[in-house]
Amino acid sequence: MKLYIGGAYQGQEELARQENPDGEIFERFHETIRGKVQKEGQEALAFAEMFCREHPEAVIVSDEVGSGVVPMAAEDRAFRETVGRVLCVIARNAEQVTRCVCGIGVRIK
C-alpha cells in the first residue's frame, strides 16, 4: 500500500499515476472517507482497518484537509478530524507515504 497526500491541486494524483502506472489507484480518498464515515455512518478506524486488509496493494491519493483555517461548521471540523484519523491508520499500514508539494514528491515514509 502506498499513500500520496498533499494540498488541493498539488499534483499528488499525477505523481501517483506516474510512479504506479499499473497500480489500483484510489483517488480523492478524502471524499471516500466522507462518504463511508460521515454519510454511511461507518466507524472511522474500523473503516480504515478494513480498507487496509481488503486493499493491501492499493495506491491511495488524498488531499490534506487538516491544514489551514479551522472550519466554523461542526460537520466540517468533524470531517477534518476523521480524514486525519483514517489517514494515520493508512500511513501506519503503508509501505510508502509521499507528500506532494508543487508536483514534487517528498517521501516521508
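A residue counts as buried when its relative accessible area is under 20%, as exposed when that area is over 50%, and as partly exposed in between. With that in hand, Cys102 is easy to place: it is exposed, because its relative accessible area is 64%. Please keep in mind that the structure you are looking at is a predicted model.

Let us stay with Cys102 for a moment. You will find Cys102 in the loop between strand S4 (96-101) and strand S5 (104-107). Its backbone deserves a look too. Most residues other than glycine have a negative phi. Cys102 is not a glycine, and yet it has a positive phi of about 55°. Arg28 is another such case, with a positive phi of about 50° although it is not a glycine either. Arg28 sits in the loop between S2 and H2. With a relative accessible area of 43%, Arg28 counts as partly exposed.

Cys102 also brings us to the cysteines. How many disulfides does a search of the whole structure find? The search finds zero. A disulfide would need two cysteine sulfur atoms within 2.5 Å. Cys100 is in no disulfide, since the nearest cysteine sulfur, that of Cys102, is 8.3 Å away. Cys100 is buried, because its relative accessibility is 1%. For Cys52, the closest cysteine sulfur belongs to Cys88 and is 12 Å away, which is too far for a bond. Cys52 is buried as well, with a relative accessible area of 10%.

Cys52 leads us on to helix H3, where it is one of the buried residues. The others are Ala44, Phe47, Ala48 and Phe51. Where do these residues lie around the helix axis? They cover an arc of only 130°, so they are on the same side of H3. A general point about helices helps here. An α-helix has 3.6 residues a turn, so residues three or four places apart point the same way. On the other side of H3, you can see Arg53 and Glu54, which are exposed.

Next, let us follow the charged side chains. The whole structure holds nine salt bridges, and three of them make a good tour. Start with Arg17 and Glu27, whose closest N and O atoms are 2.3 Å apart in their salt bridge. This pair links distant parts of the chain: Arg17 belongs to helix H1 (residues 12-19), while Glu27 is in the loop between strand S2 (25-26) and helix H2 (29-39), ten residues apart. Both partners are partly exposed, Arg17 because its relative accessibility is 40% and Glu27 because its value is 35%. The pair also has company, as Glu13, Arg17 and Glu27 are linked in a network of salt bridges.

A salt bridge between Arg34 and Glu31 comes next, with 2.9 Å between the closest N and O atoms. Both residues lie in helix H2, three residues apart, which is about one turn of the helix. Arg34 is partly exposed at 21% relative accessibility, and Glu31 is partly exposed with a relative accessible area of 29%.

The last stop on this tour is the salt bridge of Arg92 with Glu49, where the closest N and O atoms are 3.6 Å apart. Arg92 lies in helix H4 (residues 74-93) and Glu49 in helix H3 (residues 44-54), so the pair ties together parts that are 43 residues apart in sequence. Here the two partners fall into separate classes: Arg92 is exposed, with a relative accessible area of 55%, whereas Glu49 is partly exposed at 32%.

Finally, we come to the empty space in the model. Rolling a probe the size of a water molecule over the atoms shows where such space is left. The largest pocket has a volume of about 220 Å³. It is lined by 13 residues, and those closest to its centre are Tyr9, Gln12, Glu13, Arg28 and Asp63. Two of these names are already familiar: Glu13 from the network of salt bridges, and Arg28 from its positive phi. H1 and strand S3 (59-63) each supply at least two residues of the lining. What classes of residue make up this lining? There are three nonpolar, five polar and five charged residues.

Terms used:
Residues numbered from 1 in each chain as written. Predicted model: local features only at pLDDT ≥ 70, side-chain atom pairs only at ≥ 80, totals over all residues. Heavy atoms only, no water. Salt bridge = Lys/Arg side-chain N within 4 Å of Asp/Glu carboxyl O. Helix = DSSP H or I, 4+ residues; strand = E, 2+ residues; numbered from the N terminus. Buried < 20%, exposed > 50% of the residue type's maximum accessible area, 1.4 Å probe, protein only. 1 Å grid on protein atoms, 1.4 Å probe; cavity = no way out; pocket = protein on both sides within 12 Å on 5 of 7 lines; lining within 4 Å. Points joined across faces, edges and corners; volume = space filled by probe spheres on them. Nonpolar A, V, L, I, M, F, W, Y, C, P; charged D, E, K, R; others polar. Arc of directions from axis to C-beta.
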